[in-house]
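This explanation follows the aromatic side chains and the contacts around them. Please keep the sequence and the model in view while reading.

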Amino acid sequence: MPTDRFVTTITLPWPPTQLNPNWTGKLRDKLRAKKQYKHDCFYSAKEDMPSPPAWVKDGEDVPLTIEFYPPDKRSRDDDNTIGSVKYGRDMVAKALGVDDKHFRPTYKFCEPVKGGKVIVRV
């Protein structure tokens, strides 16, 4: 990890309801939502970070802060929220060119914003 704490901020869309681990709808709806969310997150990551920071290398730990800004004030279970963004996290790893097993995340749950979003700070 660098000593200067270079930070790249990536804004991901709020994950669709179908990606919640407790969602009980039709599998085809979940697969469709997963495919679309992965696409959206990969291109959001590439847009916000055209090239990975020089200090990010595969095989080394990558510290992350993931901030959740829900779309409304409904109460959400923290582990389901974290699970819902799994595919987005995978796409951030792909954009960085690292294996996501090297991520060392911390999570923040923030106030709602219209439409919701997930901010990833590398």
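The charged end of which residue sits over the ring of Tyr69? It is that of Lys117, placed 5.3 Å from the centre of the Tyr69 ring. The model is a predicted one, and the values discussed here are computed from it. A further lysine is found over an aromatic face: Lys94 lies over Phe42, at 5.2 Å from the ring centre.

From charges over rings, the account turns to rings paired with rings. A pair of aromatic rings is described by the distance of the centres and the angle of the planes. Searching the whole structure yields four aromatic pairs. One of them joins Phe68 and Tyr107, whose planes meet at 25° with the ring centres 6.1 Å apart; the pair is therefore stacked, since planes under 30 degrees apart count as stacked. The two partners come from distant parts of the chain, 39 residues apart: Phe68 belongs to strand 2 (residues 62-69), and Tyr107 to strand 3 (residues 103-109).

The two rings may also be considered by their accessibility. Phe68 has a relative accessibility of 1% and so counts as buried, because the limit for that class is under 20%. Tyr107, with a relative accessible area of 28%, is partly exposed.

Phe68 also takes part in an aromatic pair with Phe109. Here the centres are 5.1 Å apart and the angle between the planes is 15°, which is again a stacked arrangement. This pair likewise links distant parts of the chain, with Phe68 in strand 2 and Phe109 in strand 3, 41 residues apart. Phe109 has a relative accessibility of 45% and is therefore classed as partly exposed. Taken together, ring pairs connect Trp14, Phe68, Tyr107 and Phe109 into a cluster.

Which residues does Thr81 touch, leaving aside those up to four places away in sequence? The contacts of Thr81 are Trp14, Phe68, Arg76 and Phe109. Of these, Trp14, Phe68 and Phe109 are also named in the aromatic cluster. Thr81 itself is located in helix 2 (residues 78-84). Its relative accessibility is 7%, so Thr81 counts as buried. Between Thr81 and Leu12 the C-alpha to C-alpha distance is 14 Å, while their separation in sequence is 69 residues.

Methods: Residues are numbered from 1 along each chain as its sequence is written. This is a predicted model: local features need pLDDT of at least 70, side-chain atom pairs count only at pLDDT 80 or more; totals for chains, interfaces and linings use all residues. Side-chain values use heavy atoms; hydrogens and water are left out. Rings of Phe, Tyr and Trp (its six-membered ring) pair if their centres lie within 6.5 Å; planes under 30 degrees apart count as stacked, over 60 as edge-to-face and the rest as tilted. Helices (H or I, at least four residues) and strands (E, at least two) are DSSP runs, numbered from the N terminus. Buried means under 20% relative accessible area, exposed over 50%, partly exposed in between (1.4 Å probe, protein chains only). A charge sits over a ring if NZ of Lys or CZ of Arg is within 6 Å of the ring centre and within 35 degrees of the ring normal. Contact means heavy atoms within 4.5 Å.
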